[in-house]
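Hi,

Here's the model I promised to send over. Have a look at it first, then read my notes underneath.

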Amino acid sequence: MKAIVVTDQAAGTAGMTLAERPEPQPSINDVVVQVHASGFVNTELGWPSTWTDRLGRDRTPSIPGHELAGVVTALGYGTTGLSVGQRVFGLTDWSRDGTLADYAAVEARNLAPLPGDVDFTVGASLPISGLTAWQGLVVHGRLRAGQSLIAHGAAGAVGSMVTQLAREFGAWVIGTGRAADRQAALAFGANDFVDLDNEALEDVGPVDLVFDLIGGEIGKRSARLVRPGGTLVSIIGPVEERPADGLAIDFVVESDRAQLGEIVQRVRDGRLRTHIGTIASLDEAVAAFNPTERRPGKTIIRVRP
Ligand SMILES: NC(=O)c1ccc[n+]([C@@H]2O[C@H](COP(=O)([O-])OP(=O)(O)OC[C@H]3O[C@@H](n4cnc5c(N)ncnc54)[C@H](OP(=O)(O)O)[C@@H]3O)[C@@H](O)[C@H]2O)c1
(Lines give C-alpha, C1' and ligand atoms only; values in the text may rest on other atoms or scores of the structure.)
Protein backbone atom coordinates (compact mmCIF):
# COMPACT_ATOMS: atom_id res chain seq x y z
CA MET A 1 0.00 0.00 0.00
CA LYS A 2 1.02 3.65 -0.33
CA ALA A 3 1.94 5.49 2.86
CA ILE A 4 3.78 8.54 4.12
CA VAL A 5 6.73 7.45 6.25
CA VAL A 6 9.23 9.17 8.50
CA THR A 7 12.65 7.83 9.48
CA ASP A 8 14.59 10.88 10.73
CA GLN A 9 13.28 12.85 13.69
CA ALA A 10 15.62 15.80 13.09
CA ALA A 11 14.21 16.32 9.58
CA GLY A 12 10.70 17.22 10.78
CA THR A 13 7.93 17.37 8.19
CA ALA A 14 10.55 17.90 5.44
CA GLY A 15 11.67 14.31 6.09
CA MET A 16 8.28 12.82 5.14
CA THR A 17 8.34 10.60 2.07
CA LEU A 18 5.77 8.66 0.09
CA ALA A 19 6.65 4.97 0.16
CA GLU A 20 5.32 1.45 -0.41
CA ARG A 21 4.55 -0.37 2.87
CA PRO A 22 2.97 -3.73 3.69
CA GLU A 23 -0.75 -3.63 4.49
CA PRO A 24 -1.38 -3.87 8.25
CA GLN A 25 -2.84 -7.02 9.80
CA PRO A 26 -5.54 -6.72 12.47
CA SER A 27 -4.45 -7.71 16.00
CA ILE A 28 -6.86 -8.82 18.74
CA ASN A 29 -9.81 -6.38 19.00
CA ASP A 30 -8.57 -4.42 15.97
CA VAL A 31 -10.22 -3.49 12.76
CA VAL A 32 -8.42 -2.66 9.54
CA VAL A 33 -9.77 0.51 7.97
CA GLN A 34 -9.44 1.48 4.34
CA VAL A 35 -8.51 5.09 4.91
CA HIS A 36 -10.52 7.62 2.90
CA ALA A 37 -9.25 10.72 4.72
CA SER A 38 -6.51 11.32 7.26
CA GLY A 39 -5.54 14.07 9.70
CA PHE A 40 -2.07 14.85 11.02
CA VAL A 41 -0.75 17.21 13.72
CA ASN A 42 2.74 18.64 13.08
CA THR A 43 3.82 18.23 16.68
CA GLU A 44 3.46 14.44 16.54
CA LEU A 45 6.91 14.29 14.90
CA GLY A 46 8.26 15.52 18.25
CA TRP A 47 6.59 12.77 20.28
CA PRO A 48 8.65 9.69 21.32
CA SER A 49 5.72 7.43 20.33
CA THR A 50 6.24 8.36 16.67
CA TRP A 51 9.75 6.90 16.81
CA THR A 52 9.71 4.06 19.33
CA ASP A 53 7.23 1.42 20.46
CA ARG A 54 6.03 0.98 24.05
CA LEU A 55 9.22 -0.91 24.92
CA GLY A 56 11.39 1.90 23.58
CA ARG A 57 12.42 -0.01 20.45
CA ASP A 58 12.97 1.88 17.21
CA ARG A 59 9.82 1.50 15.10
CA THR A 60 10.90 3.50 12.03
CA PRO A 61 9.99 3.79 9.24
CA SER A 62 6.79 4.85 10.96
CA ILE A 63 3.59 6.15 9.41
CA PRO A 64 2.37 9.39 11.01
CA GLY A 65 -1.20 10.73 11.16
CA HIS A 66 -3.60 9.54 13.85
CA GLU A 67 -6.99 10.72 12.71
CA LEU A 68 -8.95 8.84 10.12
CA ALA A 69 -12.26 8.39 8.42
CA GLY A 70 -12.82 5.35 6.25
CA VAL A 71 -14.45 1.97 5.83
CA VAL A 72 -13.79 -1.21 7.86
CA THR A 73 -12.31 -3.95 5.67
CA ALA A 74 -11.28 -6.61 8.22
CA LEU A 75 -11.85 -7.57 11.86
CA GLY A 76 -9.23 -8.99 14.23
CA TYR A 77 -9.77 -11.91 16.61
CA GLY A 78 -12.45 -11.06 19.15
CA THR A 79 -13.40 -7.72 17.63
CA THR A 80 -16.99 -6.73 18.36
CA GLY A 81 -19.14 -3.67 17.82
CA LEU A 82 -18.07 -2.78 14.27
CA SER A 83 -18.66 -4.59 10.99
CA VAL A 84 -16.88 -4.98 7.68
CA GLY A 85 -18.17 -2.32 5.30
CA GLN A 86 -19.06 0.14 8.06
CA ARG A 87 -18.09 3.83 7.77
CA VAL A 88 -16.03 4.86 10.81
CA PHE A 89 -13.89 7.68 12.14
CA GLY A 90 -11.63 8.10 15.14
CA LEU A 91 -8.24 8.45 16.72
CA THR A 92 -5.56 5.76 16.41
CA ASP A 93 -2.89 4.64 18.88
CA TRP A 94 0.08 7.04 19.09
CA SER A 95 2.55 4.10 19.27
CA ARG A 96 1.42 2.30 16.13
CA ASP A 97 1.55 3.10 12.43
CA GLY A 98 -0.93 5.83 11.64
CA THR A 99 -3.38 6.94 9.03
CA LEU A 100 -1.40 8.64 6.24
CA ALA A 101 -1.75 5.39 4.33
CA ASP A 102 -4.19 3.35 2.26
CA TYR A 103 -4.98 1.15 5.31
CA ALA A 104 -4.57 1.42 9.08
CA ALA A 105 -5.07 -1.14 11.87
CA VAL A 106 -6.74 0.31 14.94
CA GLU A 107 -8.49 -0.96 18.05
CA ALA A 108 -12.23 -0.94 17.40
CA ARG A 109 -12.94 0.91 20.67
CA ASN A 110 -11.05 3.93 19.32
CA LEU A 111 -13.53 4.37 16.48
CA ALA A 112 -17.14 5.46 16.17
CA PRO A 113 -19.62 5.03 13.31
CA LEU A 114 -19.47 7.87 10.78
CA PRO A 115 -22.99 8.75 9.61
CA GLY A 116 -23.52 8.47 5.86
CA ASP A 117 -24.23 12.19 5.45
CA VAL A 118 -20.86 13.26 6.90
CA ASP A 119 -18.05 13.48 4.36
CA PHE A 120 -14.88 11.49 5.05
CA THR A 121 -12.76 14.68 4.98
CA VAL A 122 -14.98 16.20 7.66
CA GLY A 123 -14.85 12.98 9.70
CA ALA A 124 -11.05 12.93 9.60
CA SER A 125 -10.86 16.53 10.78
CA LEU A 126 -12.86 15.93 13.96
CA PRO A 127 -11.18 13.40 16.24
CA ILE A 128 -8.19 15.30 17.68
CA SER A 129 -9.61 18.81 17.70
CA GLY A 130 -13.13 17.74 18.70
CA LEU A 131 -12.14 15.28 21.42
CA THR A 132 -9.47 17.61 22.82
CA ALA A 133 -11.96 20.46 23.07
CA TRP A 134 -14.63 18.20 24.59
CA GLN A 135 -12.29 16.63 27.14
CA GLY A 136 -10.69 19.97 28.08
CA LEU A 137 -14.03 21.68 28.61
CA VAL A 138 -16.24 18.92 29.95
CA VAL A 139 -14.02 16.27 31.54
CA HIS A 140 -11.10 18.32 32.88
CA GLY A 141 -12.41 21.91 32.92
CA ARG A 142 -15.92 21.03 34.20
CA LEU A 143 -17.25 24.11 32.44
CA ARG A 144 -20.71 25.26 33.53
CA ALA A 145 -23.19 27.66 31.96
CA GLY A 146 -22.54 31.26 32.94
CA GLN A 147 -18.79 30.80 33.38
CA SER A 148 -16.14 32.71 31.45
CA LEU A 149 -13.36 31.18 29.42
CA ILE A 150 -10.21 32.22 27.58
CA ALA A 151 -9.97 30.12 24.42
CA HIS A 152 -6.43 30.57 23.12
CA GLY A 153 -5.84 30.17 19.39
CA ALA A 154 -9.59 30.47 18.85
CA ALA A 155 -9.34 30.35 15.05
CA GLY A 156 -7.15 27.22 15.10
CA ALA A 157 -8.15 23.58 14.87
CA VAL A 158 -8.64 22.96 18.60
CA GLY A 159 -9.49 26.55 19.57
CA SER A 160 -12.34 26.83 17.08
CA MET A 161 -13.92 23.68 18.57
CA VAL A 162 -13.35 24.98 22.10
CA THR A 163 -15.02 28.26 21.19
CA GLN A 164 -18.08 26.69 19.59
CA LEU A 165 -18.64 24.06 22.29
CA ALA A 166 -18.12 26.53 25.14
CA ARG A 167 -20.70 28.88 23.64
CA GLU A 168 -23.13 26.01 23.25
CA PHE A 169 -22.56 25.12 26.91
CA GLY A 170 -23.50 28.67 27.91
CA ALA A 171 -20.07 30.17 28.64
CA TRP A 172 -18.77 33.66 27.84
CA VAL A 173 -15.85 33.08 25.47
CA ILE A 174 -12.83 35.34 25.03
CA GLY A 175 -10.94 34.06 22.01
CA THR A 176 -7.30 34.92 21.35
CA GLY A 177 -4.88 34.68 18.45
CA ARG A 178 -3.26 36.83 15.77
CA ALA A 179 -4.82 40.03 14.43
CA ALA A 180 -5.77 38.18 11.24
CA ASP A 181 -7.76 35.61 13.24
CA ARG A 182 -10.22 38.04 14.82
CA GLN A 183 -13.05 37.65 12.30
CA ALA A 184 -12.73 33.86 12.19
CA ALA A 185 -12.77 33.62 15.99
CA LEU A 186 -15.84 35.83 16.23
CA ALA A 187 -17.51 33.79 13.49
CA PHE A 188 -16.90 30.64 15.56
CA GLY A 189 -18.84 32.36 18.33
CA ALA A 190 -16.26 34.11 20.51
CA ASN A 191 -17.91 36.95 22.46
CA ASP A 192 -14.68 38.92 22.52
CA PHE A 193 -11.21 38.62 20.99
CA VAL A 194 -7.69 39.52 22.12
CA ASP A 195 -4.98 39.99 19.48
CA LEU A 196 -2.07 38.63 21.51
CA ASP A 197 0.54 40.52 19.45
CA ASN A 198 -1.02 43.95 19.97
CA GLU A 199 -3.48 43.85 22.88
CA ALA A 200 -3.15 43.15 26.60
CA LEU A 201 -4.57 39.81 27.65
CA GLU A 202 -4.82 41.14 31.19
CA ASP A 203 -7.53 43.62 30.11
CA VAL A 204 -10.09 40.80 29.93
CA GLY A 205 -10.00 40.40 33.72
CA PRO A 206 -10.38 37.19 35.73
CA VAL A 207 -11.97 34.11 34.15
CA ASP A 208 -13.21 30.73 35.39
CA LEU A 209 -11.34 28.65 32.85
CA VAL A 210 -8.32 29.07 30.59
CA PHE A 211 -7.89 26.61 27.71
CA ASP A 212 -4.19 26.93 26.91
CA LEU A 213 -2.63 25.64 23.70
CA ILE A 214 0.18 28.21 23.44
CA GLY A 215 2.11 27.96 26.74
CA GLY A 216 5.30 29.91 27.50
CA GLU A 217 4.77 33.48 28.64
CA ILE A 218 1.17 33.46 27.39
CA GLY A 219 0.51 30.39 29.54
CA LYS A 220 2.04 32.00 32.62
CA ARG A 221 0.15 35.26 32.15
CA SER A 222 -3.05 33.27 31.62
CA ALA A 223 -2.57 31.40 34.91
CA ARG A 224 -2.70 34.75 36.73
CA LEU A 225 -6.10 35.45 35.18
CA VAL A 226 -7.75 32.36 36.67
CA ARG A 227 -10.31 33.29 39.29
CA PRO A 228 -10.14 31.62 42.75
CA GLY A 229 -11.64 28.16 42.32
CA GLY A 230 -11.07 28.26 38.56
CA THR A 231 -9.02 26.00 36.30
CA LEU A 232 -6.19 26.24 33.81
CA VAL A 233 -6.37 23.40 31.29
CA SER A 234 -3.27 22.90 29.16
CA ILE A 235 -2.81 20.69 26.13
CA ILE A 236 0.82 21.61 25.49
CA GLY A 237 2.47 19.82 28.38
CA PRO A 238 2.95 20.43 32.09
CA VAL A 239 1.81 23.86 33.27
CA GLU A 240 4.74 26.21 34.00
CA GLU A 241 2.81 28.50 36.34
CA ARG A 242 -0.22 27.38 38.29
CA PRO A 243 -3.18 29.58 39.19
CA ALA A 244 -2.66 30.98 42.72
CA ASP A 245 -5.97 29.58 43.97
CA GLY A 246 -7.16 27.18 41.32
CA LEU A 247 -6.48 23.95 39.51
CA ALA A 248 -3.94 23.31 36.76
CA ILE A 249 -4.50 20.26 34.55
CA ASP A 250 -2.58 19.10 31.52
CA PHE A 251 -3.79 16.16 29.49
CA VAL A 252 -3.35 14.29 26.23
CA VAL A 253 -6.48 13.54 24.22
CA GLU A 254 -7.84 9.99 24.28
CA SER A 255 -10.26 8.37 21.91
CA ASP A 256 -13.80 7.91 23.19
CA ARG A 257 -16.60 6.46 21.10
CA ALA A 258 -19.41 8.21 22.96
CA GLN A 259 -17.71 11.61 22.73
CA LEU A 260 -16.99 11.09 19.01
CA GLY A 261 -20.72 10.46 18.65
CA GLU A 262 -21.57 13.69 20.48
CA ILE A 263 -19.20 15.63 18.24
CA VAL A 264 -20.36 14.21 14.92
CA GLN A 265 -24.01 14.69 15.88
CA ARG A 266 -23.29 18.39 16.42
CA VAL A 267 -21.63 18.61 13.01
CA ARG A 268 -24.70 17.03 11.41
CA ASP A 269 -27.18 19.37 13.06
CA GLY A 270 -25.07 22.49 12.45
CA ARG A 271 -24.04 23.28 16.02
CA LEU A 272 -20.39 22.54 15.23
CA ARG A 273 -18.37 23.57 12.21
CA THR A 274 -15.00 22.05 11.47
CA HIS A 275 -12.16 24.26 10.25
CA ILE A 276 -10.54 22.57 7.25
CA GLY A 277 -8.09 24.84 5.44
CA THR A 278 -6.47 22.54 2.87
CA ILE A 279 -7.43 19.22 1.32
CA ALA A 280 -4.66 17.38 -0.53
CA SER A 281 -4.12 13.88 -1.94
CA LEU A 282 -1.63 11.40 -0.48
CA ASP A 283 0.70 12.21 -3.38
CA GLU A 284 0.54 15.89 -2.44
CA ALA A 285 0.71 15.31 1.32
CA VAL A 286 4.40 16.06 1.87
CA ALA A 287 4.08 19.42 0.11
CA ALA A 288 0.84 20.16 1.97
CA PHE A 289 2.54 19.60 5.32
CA ASN A 290 5.45 21.86 4.32
CA PRO A 291 3.59 25.01 3.27
CA THR A 292 5.54 28.05 2.18
CA GLU A 293 2.96 30.43 3.65
CA ARG A 294 0.65 30.56 6.70
CA ARG A 295 -2.39 28.40 6.03
CA PRO A 296 -5.30 28.79 8.40
CA GLY A 297 -7.33 25.69 9.27
CA LYS A 298 -6.55 22.02 9.33
CA THR A 299 -4.88 20.15 6.48
CA ILE A 300 -6.71 16.94 5.59
CA ILE A 301 -5.35 14.29 3.27
CA ARG A 302 -7.97 12.72 1.00
CA VAL A 303 -6.38 9.30 0.64
CA ARG A 304 -9.09 7.88 -1.65
CA PRO A 305 -10.51 10.26 -4.24
N1 LIG B 1 -2.52 17.46 24.48
C2 LIG B 1 -3.28 17.13 23.47
O3 LIG B 1 -3.97 16.13 23.53
C4 LIG B 1 -3.31 17.96 22.22
C5 LIG B 1 -4.33 17.76 21.30
C6 LIG B 1 -4.42 18.59 20.17
C7 LIG B 1 -3.47 19.58 19.97
N8 LIG B 1 -2.48 19.73 20.90
C9 LIG B 1 -1.48 20.82 20.73
O10 LIG B 1 -2.18 22.06 20.79
C11 LIG B 1 -1.54 23.01 19.96
C12 LIG B 1 -2.56 23.66 19.03
O13 LIG B 1 -3.04 22.69 18.13
P14 LIG B 1 -3.99 23.11 16.92
O15 LIG B 1 -4.15 21.90 16.09
O16 LIG B 1 -5.19 23.80 17.41
O17 LIG B 1 -3.05 24.16 16.15
P18 LIG B 1 -3.48 25.32 15.13
O19 LIG B 1 -4.60 24.87 14.27
O20 LIG B 1 -2.21 25.77 14.50
O21 LIG B 1 -4.05 26.47 16.08
C22 LIG B 1 -3.28 27.21 16.97
C23 LIG B 1 -3.70 28.67 16.81
O24 LIG B 1 -3.10 29.44 17.86
C25 LIG B 1 -2.39 30.53 17.28
N26 LIG B 1 -1.22 30.86 18.08
C27 LIG B 1 -0.24 30.03 18.51
N28 LIG B 1 0.67 30.72 19.21
C29 LIG B 1 0.26 32.01 19.23
C30 LIG B 1 0.77 33.20 19.81
N31 LIG B 1 1.91 33.21 20.51
N32 LIG B 1 0.08 34.35 19.64
C33 LIG B 1 -1.08 34.35 18.93
N34 LIG B 1 -1.61 33.26 18.36
C35 LIG B 1 -0.95 32.08 18.51
C36 LIG B 1 -1.95 29.99 15.93
O37 LIG B 1 -1.58 31.02 15.07
P38 LIG B 1 -0.22 30.86 14.21
O39 LIG B 1 -0.46 29.70 13.31
O40 LIG B 1 -0.06 32.14 13.50
O41 LIG B 1 0.88 30.60 15.21
C42 LIG B 1 -3.21 29.24 15.49
O43 LIG B 1 -4.19 30.11 14.97
C44 LIG B 1 -0.42 22.25 19.25
O45 LIG B 1 0.78 22.48 19.95
C46 LIG B 1 -0.84 20.82 19.37
O47 LIG B 1 0.25 19.94 19.35
C48 LIG B 1 -2.38 18.96 22.01
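Below are my notes on one helix pair and two pockets.

It's a predicted model, so local features need pLDDT of at least 70 and side-chain atom pairs count only at pLDDT 80 or more, while totals for chains, interfaces and linings use all residues. Numbering starts from 1 along each chain as its sequence is written, and side-chain values use heavy atoms, with hydrogens and water left out.

Helices α2 (residues 127-140) and α3 (residues 157-168) pack with their axes 8 Å apart, at an angle of about 50°. That makes the pair oblique (not under 35 degrees, over 145, or 65 to 115). Helices here are DSSP runs (H or I, at least four residues), and strands are E runs of at least two. Axes are lines fitted to C-alpha atoms over the stretch in contact, with angles from 0 to 180 degrees between N-to-C directions. Among the residues in contact (heavy atoms within 4.5 Å) are Trp134 and Leu137 of α2 and Met161 and Leu165 of α3.

Now the pockets: open sets on a 1 Å grid where a 1.4 Å probe fits, with protein on both sides within 12 Å along at least five of seven lines, and lining residues having an atom within 4 Å of a point. The largest has a volume of about 1,500 Å³; of its 41 lining residues, Val41, Thr43, Ala157, Val158 and Leu213 are closest to the centre. α2, α3 and β15 (298-302) each supply at least two lining residues.

The second largest pocket holds about 180 Å³, and its lining includes Met1, Arg21, Tyr103 and Ala105.

Cheers

Technical notes
Points joined across faces, edges and corners; volume = space filled by probe spheres on them.
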